[in-house]
Amino acid sequence: AVSPGVLPLCRQPPAWGRAARRSSGLSLAPCRAFSNNKILVELDESSGVATMKFKSPPVNSLSLDFLTEFCISLEKLENDRACRGVVITSNVPNIFSSGLDITEMYGKSTEHYAEFWRAVQEMWLRVYGSNMVTIAAINGSSPAGGCLVALSCDYRIMVENPKFSIGLNEAQLGIVAPFWFKDTFVNIVGHRVAERSLQLGSLHPAPEAHKTGLVDELVPEEKLQERAAAVMAQWLALPDHARQLTKSMMRRAVLDRLVAHREEDIQNFTTFISKESIQKSLRMYMEMLKKKKH
C-alpha cells in the first residue's frame with residue numbers, strides 16, 4: 001500500500017545518461033527544497049549539492065512508505081539540472097538507518113512481501129546506479145539495509161564513535177543477504193572480508209569498519225557535514241560525463257545482474273520469508289526487541 005499522494009515506484013532501472021534525456025527535449029522541472037513525511041531534502045542550487053536527511057524516528061527503518069519516498073526524492077534530484085551530488089544522512093540521533101522494517105516481512109501476504117521487496121530493489125538500483133555523486137554521511141549505527149544504503153553510495157564518511165557500528169548482519173536474524181547485497185559488499189571490502197562478515201552477520205564498530213575499508217574515513221561528529229561538503233567538492237571538480245561513464249563501467253555488470261533476475265529474486269524472497277521457520281525467527285527477534293525497549 002503506497003501512501004496517499006505518493007507516486008507508485010517506477011518499474012525501470014535508472015537511465016545512466018542524464019545528457020541523453022536533456023537532448024531528447026524533455027523539459028525538466030526545477031527542484032526546490034522539498035520534504036515529505038520521512039525524508040527531508042534540501043538542494044543548494046549554487047553548489048549543485050542536495051542533502052537528504054532520513055527523519056523517520058525512532059530508527060529510520062526502511063518501510064515500504066519510506067522506500068517509496070526515498071526513490072521519489074532521488075528521482076526528483078536525478079532529473080534536476082541544478083543537482084549534481086547528494087549527501088545522504090540522518091536527522092535522528094545515533095542512528096543512520098536500522099535497515100529493513102521487519103514488520104513489513106512478518107505476518108503479511110505474499111503480495112505484500114513482493115511489493116516490499118520490489119521497493120527494496122528499486123532503492124538499490126537508484127542509489128547504486130545514480131548519475132549523481134552520492135556520499136553517505138553516517139552519523140549513527142547502520143546495520144543490514146542501512147548498511148546497504150551506505151554501500152550503494154560512492155563514498156562513506158562515518159562518525160568516529162566506537163559505539164556506532166555498520167554491517168550486513170542478516171545472518172544473525174536467520175536471513176540470507178541476497179546476491180546483490182553480497183556483490184555490492186564484495187566490491188568494497190574484497191571477497192575474504194565479505195565472506196567472513198556475511199557468514200557471521202558481523203556488525204563492525206566504526207574503527208574496524210574503517211580498517212576493513214567498509215567506510216572510507218572517520219571524522220568527529222561535529223566535522224561530519226563539513227567533511228562531506230569538502231569530499232563532494234573534490235568529486236564535483238571533475239567533468240560529470242567522465243565520472244558518470246566511469247561509474248557506469250564499474251557498476252553496470254552488478255546492476256544488470258539484478259535487472260536480469262529481478263522477478264526471480266522477488267520470488268526467492270517471498271518464498272523464503274513466508275517459510276514458517278523464518279516467520280518464527282522474525283517473531284522471536286521482534287519479541288526480543290520489545291523486551292529491550294521495556
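Is Ala229 buried, partly exposed or exposed? With a relative accessible area of 46%, Ala229 is partly exposed, because that value falls between the 20% limit for buried residues and the 50% limit for exposed ones. The model in which this value was computed is a predicted one. Ala229 belongs to helix 8, which covers residues 224-236. In sequence Ala229 is 94 residues from Ile135, while in space the C-alpha atoms of these two residues are 9.2 Å apart.

The overall figures give a setting for such details. The protein contains 11 helices and 11 strands. It has 294 residues, of which 51% count as buried. The exposed area is about 13,600 Å², with 56% of it supplied by carbon and sulfur atoms. Of the contacts between residues at least 6 apart in sequence, 77% join residues at least 24 apart.

One part of the fold to follow strand by strand is an open sheet of 4 strands, ordered 5-7-9-10 and mixed in its pairing. Strand 5 (94-95) and strand 10 (204-205) are the edges of this sheet; each has a single partner strand, so one side of each lacks a neighbour in the sheet. Starting from strand 5, the pairing with strand 7 is parallel and consists of 2 bridges. Here Asn94 stands opposite Gly140 of strand 7. Strand 7 in turn pairs with strand 9, again in the parallel sense and over 2 bridges. In this pairing Ser142 has Ile166 of strand 9 as its bridge partner. The step from strand 9 (residues 165-167) to strand 10 is antiparallel, with 2 bridges joining the two strands. Ile166 also takes part here, standing opposite His204 in strand 10.

Helix 4, residues 144-151, lies across strand 7 (140-143) and strand 9, and runs at about 100° to strand 7. Ala144 lies in this helix. Its phi is near 50°, a positive value in a residue other than glycine. Ala144 counts as buried because its relative accessibility is 11%, under the 20% limit.

A positive phi is also found at Asn60, where the angle is near 50° and the residue is again not glycine. Asn60 is placed in the loop between strand 3 and helix 2. With a relative accessibility of 0%, Asn60 is buried. The loop between strand 3 (49-54) and helix 2 also holds Pro58. The peptide bond from Pro57 to Pro58 is cis, and its omega is near 10°.

Beyond this loop comes helix 2, which spans residues 64-78 and includes Glu78. What is the relative accessible area of Glu78? The value is 6%, so Glu78 is buried. The side chain of Glu78 makes a polar contact of 2.9 Å with the side chain of Ser130.

The last element to consider is helix 9, residues 240-260, which bends by about 55° at Arg251. Where the bend is placed, Arg251 is itself one of the buried residues of helix 9. The others are Arg243, Gln244, Lys247, Ser248, Val254, Leu255 and Leu258.

Notes. Residues are numbered from 1 along each chain as its sequence is written. This is a predicted model: local features need pLDDT of at least 70, side-chain atom pairs count only at pLDDT 80 or more; totals for chains, interfaces and linings use all residues. Side-chain values use heavy atoms; hydrogens and water are left out. Two strands pair if DSSP finds at least two bridges between them. Contact means heavy atoms within 4.5 Å. Axes are lines fitted to C-alpha atoms, for helices over the stretch in contact, and angles run from 0 to 180 degrees between N-to-C directions. The bend at a residue is the angle between axes fitted to the seven residues ending there and the seven starting there. Buried means under 20% relative accessible area, exposed over 50%, partly exposed in between (1.4 Å probe, protein chains only). A polar contact is a pair of N or O atoms within 3.5 Å; within protein, one must be able to donate a hydrogen and the other to accept it, and residues adjacent in sequence count only if both atoms are side-chain atoms. Accessible areas come from the Shrake-Rupley method with a 1.4 Å probe; for residues, only the protein chains shown count as cover.
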